[in-house]
Amino acid sequence: MNEVKSFNNIPNIRIVNNKKVFNCTQCGECCHIREKDKNISDKEEADYRQYMFTNFGIIYLAKLSDITINVWPEEAEALKKEAKDKKINIKILPKRAVYDSKNHELTILDYYIDHDVCPFFDAKNRLCGVYMHRPIICRSYPLLTTKNLGKCEYKLSNPNDYADEKFEAEKLEKMVNLQKSILKDLVDKGEIVIPESISVDEMENIITTAKFKELRIMDKI
Ligand code: SF4
Ligand code: SF4
């Protein structure tokens, strides 16, 4: 595997439904956030991990069945603070990382909120409890998803009606591209080395022994 090519292979953000706008019916489905089925087999899990490393140079730090929405490092920090201020118990854990064998370091790319339902979801009023501080993935929903998670009502409309979500989705697209270019630059300069191949067992060992750090880019956008 060419390690520079692997970052270039990370899929770009795809903005969908960009000719439509949705009305929120406050069903709350998008705040029920586990992405995958709980019954993913160990083999499916291992195959997916291997695929993600082989093709994109990414190591998954979380079990696929646990994964929820992406939260960027800066957002993880801000949401933990919000939770503390609001006296809400929250678990935000690392989701994906890039492994640098030169320094035996894992650079965390993103986190996830480890709950079946987002702890900020106000079930009584069916509202987001951190609306002004909600993560960019929530701000751009549903323009970045190919499936309709809940009861969003779609209708054809003036593009200005979805301008806020589109702005957030395009910002997210810029963030992913910047993340890729920073990683590529580090590889090009030889500051990090991505191994040619890693088995799933080796990944487990790396996760327990490597040093962790984060790649923060939100303030550069
Ligand atoms: S942060 Fe708000 S919008 Fe996002 S999942 Fe949680 S409750 Fe829903
Ligand atoms: S799934 Fe759609 S309709 Fe339901 S709360 Fe989320 S945005 Fe609103």
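# Asn-70 and the strands around it

Leaving aside its neighbours within four places in sequence, Asn-70 is in contact with four residues: Lys-95, Asp-110, Tyr-112 and Ile-137. I will begin from that residue and work outwards. Please keep in mind that this is a predicted model.

Where does Asn-70 lie? It belongs to strand E3, which covers residues 70–71. Is Asn-70 buried or exposed? There are 20 other C-beta atoms within 10 Å of Asn-70, and 20 or more is what we require for a buried residue, so Asn-70 is buried. One more number for this residue: its C-alpha atom is separated by 8.8 Å from that of Ile-136, although the two are 66 residues apart along the chain.

Now the pairing. E3 is joined to strand E5 by 2 bridges, and the two strands run antiparallel. In that pairing, the residue opposite Asn-70 is Tyr-112 of E5. You have met Tyr-112 already, as one of the contacts of Asn-70.

E5 deserves a closer look. Of its 9 residues, 8 are buried, so the rest of the structure largely encloses this strand. E5 runs from residue 105 to residue 113, and 8 bridges join it to E4, again antiparallel. Across that pairing, Tyr-112 has Leu-93 opposite it. So Tyr-112 stands opposite Asn-70 and also opposite Leu-93.

E5 has a further partner, strand E9, residues 211–214. Which way do E5 and E9 pair, parallel or antiparallel? They pair in the parallel sense, over 4 bridges. One facing pair there is Thr-107 and Lys-213, the latter in E9.

Next, E4 itself, residues 92–100. E4 is mostly covered, with 7 of its 9 residues buried. Besides E5, strand E4 pairs with E2, residues 59–60, through 2 bridges, and those strands run antiparallel. Arg-96 in E4 is the bridge partner of Tyr-60.

If you are following these strands on the screen, one general point helps. In a regular strand, side chains alternate between the two faces of the sheet.

Between E4 and E5 there is a hairpin, with 4 residues separating the strands. His-104 sits in that turn, and its phi is positive, about 50°. Why point that out? Most residues other than glycine have a negative phi. His-104 counts as exposed because it has 11 other C-beta atoms within 10 Å, and the limit for exposed is 12 or fewer.

There is a second residue of this kind. Lys-87 is not a glycine either, yet its phi is positive, about 55°. Lys-87 is found in the loop between H3 and E4. With 6 C-beta neighbours inside 10 Å, Lys-87 is also classed as exposed.

A glycine with positive phi comes just after helix H2: Gly-57, at about 70°. H2 itself covers residues 42–56, which is 15 residues. From its first C-alpha to its last, H2 reaches 21 Å, close to the 21 Å expected at 1.5 Å a residue.

Now for the nonpolar cores. How many residues has the largest one? It has 21, and those with the most contacts inside it are Ile-69, Val-71, Ile-92 and Ile-113. The elements contributing two or more residues to this core are E5 together with three helices: H3 (73–85), H4 (136–139) and H5 (163–188). Apart from this core lies another, of 14 residues, including Phe-53, Leu-109, Ile-194 and Met-203.

Take Ile-113 as an example. Setting aside neighbours within four places in sequence, its contacts are Ile-33, Thr-68, Ile-69, Val-71, Ile-90, Ile-92 and Cys-118.

Two of those contacts, Ile-33 and Cys-118, also turn up around ligand 1. What else surrounds ligand 1? The other residues are Cys-31, Phe-120, Phe-121, Cys-128, Val-130, Arg-134, Pro-135 and Cys-138. By type, the shell divides into 9 nonpolar residues, no polar ones and 1 charged.

Last, some totals. The protein has 6 helices and 9 strands. It has 221 residues, and buried ones make up 26% of them. Among contacts between residues at least 6 apart in sequence, 80% join residues at least 24 apart. That is where I will stop.

Definitions and conventions. Residues numbered from 1 in each chain as written. Chains lettered and ligands numbered in written order. Pairing = 2+ DSSP bridges. Core = buried A, V, L, I, M, F, W, Y, C linked by C-beta atoms within 7 Å. Contact = placed C-beta atoms within 7 Å. Near = placed C-beta within 6 Å. Nonpolar A, V, L, I, M, F, W, Y, C, P; charged D, E, K, R; others polar. Expected span 1.5 Å × (residues − 1).
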